[in-house]
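Thank you for sending this model for comment. My remarks follow as numbered points, to be read beside the sequence and the coordinates.

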Amino acid sequence: ALLVGGWAFPCLGEASEVVPAVTISADGARLVGPDGEPLDLRGVNWGWWGCVDPADAELLRSWGGNLIRISFPYSKVTKPGSDELGGDGLALLDSMVGWAEAAGVWFVLCCQETPGGCNTAHHCLGGKNALWRDETYQAQCIRMWETLAARYRGCKWLLAYELMNEPGPPPEFTTAQYRALMVRLVDAIRAVDAERLIVVSPRQWSAIGGLNEEALLPRPRLLY
């Protein structure tokens, strides 16, 4: 268990041992909640670009919201000069997860900036966009998700893992290569957290136009 803001959260740890029954399922274009009824999500983004405090999750609930997308950059949740997760950034991520858990609000963990960067936007490692051409960065991304899945799999209100925000591989990185990398990431998470939903984005900066049969992966329990 970790202590966050004076509260102990047994779901958080180096490798959470308790894995709650996953109560959310995907049925075609809708989600089904624990009561067997369609689950409508209304929520907000939390991330490194703004201020978040413990009361914000409860405030969201008072507005009728039920979802927080917690975005994090890889470079902020690793120790300085290392590819090992830790430091103040990981502690902040733990805190945000803990606040959502305490409020009983669903949350999605989204990698806003992957190792090496995953698009050409300036805020994503200066537009480096090197994930696609460097196996070292791809391996780091896989290890990151394995570690985070082990850390947070015990959280009751964890809705899904979102592999990356707005992937923008270069044209020479083929659809087949993109699918293969996404499958590797999905399989790495599922080896640790077998039933949780995973969000996979189309390769064209998550554009809906990129969502076609070629983008669909041969794995269950995915959201696009």
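1. Which residues of H4 are buried? In this predicted model, the buried residues of H4 are Tyr178, Leu181, Met182, Val183, Leu185, Val186, Ala188, Ile189 and Arg190. An α-helix has 3.6 residues a turn, so residues three or four places apart point the same way. The helix itself covers residues 175-190, 16 residues in total, and spans 22 Å from its first C-alpha to its last, which is close to the 22 Å expected at 1.5 Å a residue.

2. The surroundings of H4 deserve a look as well, since its buried residues pack against helix H3 (135-152) and against three strands, namely S8 (158-162), S9 (197-199) and S10 (222-223). One of the residues of helix H3 is Cys141, which is buried with a relative accessible area of 1%. Once neighbours within four places in sequence are left aside, Cys141 is in contact with Thr114, Pro115, Leu131 and Leu185, and Leu185 is among the buried residues of H4. The C-alpha atom of Cys141 is separated by 26 Å from that of Val52, a residue 89 places away along the chain.

3. Turning to aromatic residues, I find that the structure holds 6 aromatic pairs. One of them joins Phe72 and Trp145 in an edge-to-face arrangement, with 5.8 Å from centre to centre and 70° between the planes. Because Phe72 lies in strand S6 and Trp145 in helix H3, this pair ties together parts that are 73 residues apart in sequence. Phe72 counts as buried, at 0% relative accessibility, and Trp145 likewise counts as buried, at 0% relative accessibility. Ring pairs also bring in Tyr161, so to speak, as a member of a cluster with Phe72 and Trp145.

4. What is the geometry of the rings of Trp132 and Phe173? Their centres are 5.2 Å apart and their planes stand at 55°, so the pair is tilted. This pair links distant parts of the chain, 41 residues apart, with Trp132 in the loop between strand S7 (106-113) and H3, and Phe173 in the loop between S8 and H4. Trp132 counts as buried at 5% relative accessibility, and Phe173 is buried with a relative accessible area of 8%.

5. The largest pocket holds about 220 Å³ of space, and its lining consists of Ala26, Gly28, Ala29, Arg30, Leu31, Val199, Arg219, Pro220, Arg221, Leu222, Leu223 and Tyr224. Strand S4 (30-32) and strand S10 each supply at least two residues of that lining. By class, the lining has 8 nonpolar, 1 polar and 3 charged residues.

6. The second largest pocket, with a volume of about 180 Å³, is lined by Leu41, Leu67, Arg69, Val108, Leu159, Ala160, Glu162, Val199 and Leu223. Strand S6 (67-73) and strand S8 each supply at least two residues of this lining, and S8 gives the most, with 3 residues. By class, the lining has 7 nonpolar, no polar and 2 charged residues. Val199 and Leu223 appear in the linings of both pockets.

Key
Residues are numbered from 1 along each chain as its sequence is written. This is a predicted model: local features need pLDDT of at least 70, side-chain atom pairs count only at pLDDT 80 or more; totals for chains, interfaces and linings use all residues. Side-chain values use heavy atoms; hydrogens and water are left out. Helices (H or I, at least four residues) and strands (E, at least two) are DSSP runs, numbered from the N terminus. The expected span of a helix is 1.5 Å times one less than its number of residues. Buried means under 20% relative accessible area, exposed over 50%, partly exposed in between (1.4 Å probe, protein chains only). Contact means heavy atoms within 4.5 Å. On a 1 Å grid over the protein atoms alone, a cavity is a set of points where a 1.4 Å probe fits but cannot get out, and a pocket is an open set with protein on both sides within 12 Å along at least five of seven lines; lining residues have an atom within 4 Å of a point. Grid points are joined across faces, edges and corners, and a volume is the space filled by probe spheres set on the points. Ala, Val, Leu, Ile, Met, Phe, Trp, Tyr, Cys and Pro count as nonpolar, Asp, Glu, Lys and Arg as charged, and the others, Gly among them, as polar. Rings of Phe, Tyr and Trp (its six-membered ring) pair if their centres lie within 6.5 Å; planes under 30 degrees apart count as stacked, over 60 as edge-to-face and the rest as tilted.
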